[in-house]
Amino acid sequence: MSADRSRLPEVGPDPAFAFPNIVGHTLPNGLQVRTIEHHGVPVITFVLQVDGGSGADPADKEGLAAVVADMVDEGTGSLSAIDVSDALARIGADYDADVNPDVTTFSLTTLTRFAGRGASLLADMTTKPSVRESDFDRVRQLRLDRLKQLNDLPTAVAERAFLRLMYAQHPYGHLAIGNDLALRSLSIADVAALHAATFRPPQATLIVSGAMSHDDLLAAASIFGEWSDGTRTTEQGPPAAEIEPSDRPALRLAVVPRENAAQSELRIGHLSARRKTPDYPALLVMNALLGGQFVSRVNLRLREEKAYTYGARTGFDWRRGISPFVLSASVHTASTAEAVRDSMAEIADLRDSRPPSDEELTLAKASLTRGYPRNFETAQQVARSVAQLALYGLPDSYFSEFVPKVNAVTREDVTLAAVRYLDPEKLTTLIVGDHTVIADSLATLGLGEPSVLPVEL
Amino acid sequence: MTSSAIEIPFTKRTLANGLDVIVHEDRRVPIVAVNVWYHVGSKNERPGRTGFAHLFEHLMFEGSAHHNKGYFHPLQQAGALLNGSTNTDRTNYWEVVPTSAVDRALWMESDRMGYLLPAVTHERFETQRDVVLNERRQNYENRPYGMALMAISAAMYPPDHPYAWMTIGSADDIRAMQLEDVQTFFRTYYHTANASLVLAGDLDTERAFELADQYFGELQPGVKPPPVACGEVSLAREQRLVFEDRVQVPRIYIAWHSPAMFAAGDAELDLVADLLANGKTSRLYRTLVYEQRVALDVSAHQHSREAGSFFLLVATAAPGQGLTGLLAQVDEALQRVREGGPTDGEMERAIAQAEAHFMYRLQTVGGFGGKSDQLNAYNMLRNDPGFFSVDLERYRRATPESVRGASARYLHDRRIVLSVIPRGQSTLALADSESVLVS
């Protein structure tokens with residue numbers, strides 16, 4: 001039998017999908033534990049998520065939470081930094097620390113036969129880090145040097161400047177790595193203080209997923225029951241999510257000059273929504289068709305039609321508090337102004353002159369829902385997904401409800417979401433690029449004189 | 001699955017037109033990975049047309065005769081994740097689709113394998129040429145140290161050697177490409193006799209072969225292209241190069257010719273890379289970054305390729321540190337490995353990591369590095385999709401002496417040493433370095 005080339009094969013009904021059962025436990029010390037069985041390959045993942053990420057950095061100590069996270073694999077008890085690294089290697093562990101604006105997440109994946117050793121190591125590292133002066137000094141210096149290097153990386157320069165433009169001095173207004181002045185002022189006492197204040201069992205969640213029964217997963221996690229909730233040395237202020245950013249008029253256009261740059265790194269956006277908004281499914285659909293996937297208005301126009309860029313996308317930089325909507329692309333220097341104009345037009349048009357078509361809506365929903373089960377193929381994917389529930393306070397039923405909720409989004413929902421959460425008048429455009437070459441064309445955008453920003457701010 | 005049975009079970013058949021089809025069942029998640037490899041990469045190019053294989057890959061997403069518009073749309077509509085990539089040796093394409101969309105993915109893949117050319121227009125060609133030039137600017141020209149590997153590739157090989165250029169190609173060559181080149185290239189390399197298809201995931205093996213035959217069986221076979229002649233190459237001596245870049249601190253790259261993928265010594269050099277620069281316990285990280293703090297980072301990697309590999313060691317100096325001292329330290333560590341090999345503890349650790357990482361590779365069916373991609377890699381390079389377990393054995397069988405021997409044999413003084421230094425600071429380069437132009 002040969003293929004019928006006259007038309008594309010139809011897609012069958014979506015396969016049934018059910019997220020595996022999440023079992024919740026509370027250890028006597030207050031630590032929330034969630035276990036999820038994930039069978040097939042003898043692998044297990046532990047994810048420990050503690051409240052307080054870069055948003056918990058004190059105002060004059062931007063970068064502290066990331067230093068604390070770095071210190072976690074720098075020694076514990078009698079183990080030096082080298083010993084910890086050796087112990088991780090001997091169980092073939094894949095270890096990672098991630099400092100998010102709201103939380104810090106530690107992940108350790110190993111073979112199930114090393115489950116006990118992995119759990120015990122992660123517990124010791126995270127709850128009893130040695131925090132030695134010499135390690136602290138080296139870790140901080142590496143971060144200072146890294147900061148210096150980031151000044152040559154256009155994407156990093158753009159991310160940093162864009163956060164500052166969005167949030168100003170709000171605790172969300174900086175990258176986790178912080179800034180030079182703040183890093184230099186840090187002391188080992190600061191590290192100990194932030195660790196004591198934020199690494200506490202009642203403010204943490206441990207997720208364990210792997211090829212074991214719930215009972216065995218819980219047993220592996222039980223070592224975290226020895227984590228005691230010590231005395232708090234400092235009072236933490238309100239979490240970043242609860243602080244309102246100042247409602248000042250946004251800059252329309254800013255440039256970080258980069259002489260002879262081969263391309264312009266572009267960010268266009270404004271503060272928009274909170275992750276927990278009930279409009280989240282509508283925002284997902286809206287973003288997918290605007291710039292969240294390959295076949296989307298922004299990428300088709302900037303890449304496939306105009307060839308200004310290798311790729312352009314839109315998205316929300318989600319956090320517990322108010323989060324930015326942002327369009328990102330790296331565009332050819334000569335096309336910078338045209339790319340900005342086209343990008344802004346796409347955002348504006350979605351709100352009024354070109355609401356989503358039925359076809360776009362169907363495509364966006366299908367691409368979000370039909371392949372959904374592939375997000376849960378590995379123990380680590382499952383554990384990290386469940387960590388998101390803890391991060392955003394979402395119900396355990398979230399994953400099973402995702403597909404029907406997205407499928408229920410209507411054209412009106414998307415249009416309303418666009419009107420409510422996108423505002424062309426509030427967009428800030430940031431360009432990291434060759435200012436002398438692009439200055440004249442930028443003047444034609446009608447966004448006024450650009451503010452010229454330094455590389456570090 | 002127990003630790004003694006680490007493998008990817010599969011069935012392989014070859015269609016009448018020469019297409020290898022390999023099927024692997026994994027019913028845990030209702031998805032299927034479709035993965036196609038073409039045995040063509042940048043080493044099939046010639047000087048003056050470098051970057052062509054990769055540009056061609058872009059055109060494969062612009063439509064084919066019976067679906068004469070973008071490739072992404074119908075697959076996104078089906079909930080697929082998809083991508084493709086080109087390296088020196090092969091070009092791969094993949095979709096991960098819900099089980100319900102296997103037919104559509106196979107229809108699309110087979111249509112572009114068999115009937116691409118009618119859809120390739122001047123306009124599409126020129127647009128993608130500009131997109132690729134932007135990709136080059138974004139990922140190489142506008143990135144700190146982004147041009148280093150180009151300089152190294154050019155220095156390691158004679159100018160007409162197939163590994164003398166990088167897959168992205170030179171910007172002038174990309175601009176010079178013609179639509180006619182596309183047609184010749186397609187007819188030479190894009191056909192069933194030069195490709196293989198893997199279906200992995202939630203489907204029945206017999207049904208998978210039926211579908212493969214239904215969609216690909218009708219395609220006309222081409223002539224299998226002859227292997228690319230890659231002459232033996234060696235460096236006569238150490239060659240020192242330097243270029244200035246928009247960077248804050250100098251970085252040193254040291255490159256050696258090394259055995260081809262799966263050849264004797266290849267796995268051992270992986271282990272050497274681990275013991276030198278993987279993690280805080282590794283010798284160079286510990287000395288340079290942890291103890292003496294003269295480097296910001298150090299990495300080592302055996303870049304395994306079909307017709308000859310290279311081993312690359314990279315270290316970034318801490319501010320205020322010169323490259324001369326860094327090189328001396330690296331050389332001292334290399335000499336100790338060549339003479340004394342790894343300790344038993346280092347071997348145990350390296351093997352434990354290798355075993356765990358082979359297990360991790362069994363977790364995903366699709367995408368880059370998933371099981372479908374691995375089956376195709378082993379099939380193309382070893383004509384044996386089941387090579388996974390043999391591959392792992394290469395590491396299990398390595399001994400301190402075989403690791404020492406490989407380092408002594410390959411990591412010698414006939415090498416390329418490249419300094420990349422901040423603009424205007426030529427004194428930071430290693431002595432006797434020849435200036436190279438990169439663009």
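How many residues does the contact take from chain B and from chain A? I opened the notebook with this point, working from a predicted model.

**Entry 1: chain A against chain B**

I found that chain B gives 66 residues to the contact and chain A gives 60 residues. I then looked up which elements of chain B give two or more residues to the side that touches chain A: they are α2 (72-77), β5 (91-98), α3 (102-114), α4 (122-141), α8 (205-216) and α12 (344-360). By class, I recorded 27 nonpolar, 24 polar and 15 charged residues on this side of chain B.

**Entry 2: the domains of chain A**

I noted that chain A is divided into domain 1 (23-229) and domain 2 (253-452). Taken over C-alpha atoms, the centres of these two domains of chain A are separated by 29 Å. I looked up their contact and found 29 residues of domain 1 of chain A meeting 24 residues of domain 2 of chain A. On the domain 1 side, at least two residues each come from β2 (32-37), β3 (43-51), β7 (103-111), α5 (154-167) and β8 (204-210) of chain A. Which element supplies the largest share of that side? I found that it is α5(A), with eight residues. The classes on the domain 1 side of chain A are 16 nonpolar, 11 polar and two charged residues.

I followed α5(A) further. This helix lies across β9, β10 (263-273), β12 (323-332) and β13 (428-433) of chain A, and runs at about 155° to β13(A).

**Entry 3: a sheet in chain A**

I traced the strands that α5(A) lies across, among them β9 and β13 of chain A, into an open sheet of six strands. The order is β11-β12-β10-β13-β9-β14 (chain A), and the pairing is mixed. β11 (309-316) and β14 (451-452) of chain A each have a single partner strand and stand at the edges, so one side of each has no neighbour in the sheet. At the β14(A) edge, I found that strand β9 (residues 253-257) of chain A runs parallel to β14(A) and is joined to it by two bridges. There A:Ala254 stands opposite A:Ser451 in β14(A).

**Entry 4: helix pairs in chain A**

I looked up helix α1 (residues 64-71) and helix α4 (residues 133-150) of chain A, which pack at an angle of about 125° with their axes 10 Å apart. The angle makes α1(A) oblique to α4(A). I recorded the crossing of α1(A) and α4(A) as right-handed. From α1(A), A:Val67, A:Asp70 and A:Met71 meet A:Asp135, A:Phe136, A:Val139, A:Arg140 and A:Arg143 in α4(A). The residues of this contact divide into four nonpolar and four charged, with no polar ones.

My second pair was helix α10 (residues 297-305) and helix α11 (residues 336-351) of chain A, whose axes come within 10 Å and cross at roughly 160°. Why is α10(A) roughly antiparallel to α11(A)? Angles over 145 degrees count as roughly antiparallel, and the two axes cross at roughly 160°. The crossing of α10(A) past α11(A) is right-handed. I listed A:Arg297, A:Val298, A:Arg301 and A:Leu302 in α10(A), which meet A:Ala339, A:Asp342, A:Ser343 and A:Glu346 in α11(A). This contact has three nonpolar, one polar and four charged residues.

**Entry 5: the domains of chain B**

I turned to chain B, where the domain assignment gives domain 1 (11-216) and domain 2 (239-435). The C-alpha centres of these domains of chain B lie 28 Å apart. I found 30 residues of domain 1 of chain B in contact with 31 residues of domain 2 of chain B. The elements that each supply at least two residues on the domain 1 side are β2 (20-25), β3 (31-38), β5, α5 (148-156) and β6 (195-201) of chain B. The largest share there, five residues, comes from α5(B). I counted the domain 1 side of chain B by class as 16 nonpolar, eight polar and six charged residues.

**Entry 6: a sheet in chain B**

I found six strands forming an open sheet with mixed pairing, in the order β1-β2-β6-β3-β5-β4 (chain B). One side of β1 (11-14) and of β4 (81-86) of chain B is left without a neighbour in the sheet, because each stands at an edge with a single partner strand. From one strand to the next, the twist averages 15°. Inside the sheet, β3(B) and β6(B) pair in the antiparallel sense over seven bridges. I noted B:Leu197 in β6(B) as the bridge partner of B:Val36. Lastly, helix α1 (residues 52-59) of chain B lies across β4 and β5 of chain B and runs at about 160° to β4(B).

Notes: Residues are numbered from 1 along each chain as its sequence is written. Chains are lettered from A and ligands numbered from 1 in the order in which they are written. This is a predicted model: local features need pLDDT of at least 70, side-chain atom pairs count only at pLDDT 80 or more; totals for chains, interfaces and linings use all residues. Two residues are in contact if their C-beta atoms, placed from the backbone, lie within 7 Å. Helices (H or I, at least four residues) and strands (E, at least two) are DSSP runs, numbered from the N terminus. Ala, Val, Leu, Ile, Met, Phe, Trp, Tyr, Cys and Pro count as nonpolar, Asp, Glu, Lys and Arg as charged, and the others, Gly among them, as polar. Domain bounds come from an automatic or database domain assignment. Axes are lines fitted to C-alpha atoms, for helices over the stretch in contact, and angles run from 0 to 180 degrees between N-to-C directions. Angles under 35 degrees count as roughly parallel, over 145 as roughly antiparallel, 65 to 115 as roughly perpendicular and the rest as oblique. A crossing is left-handed if the near helix is turned anticlockwise from the far one by less than a right angle, and right-handed if clockwise. Two strands pair if DSSP finds at least two bridges between them.
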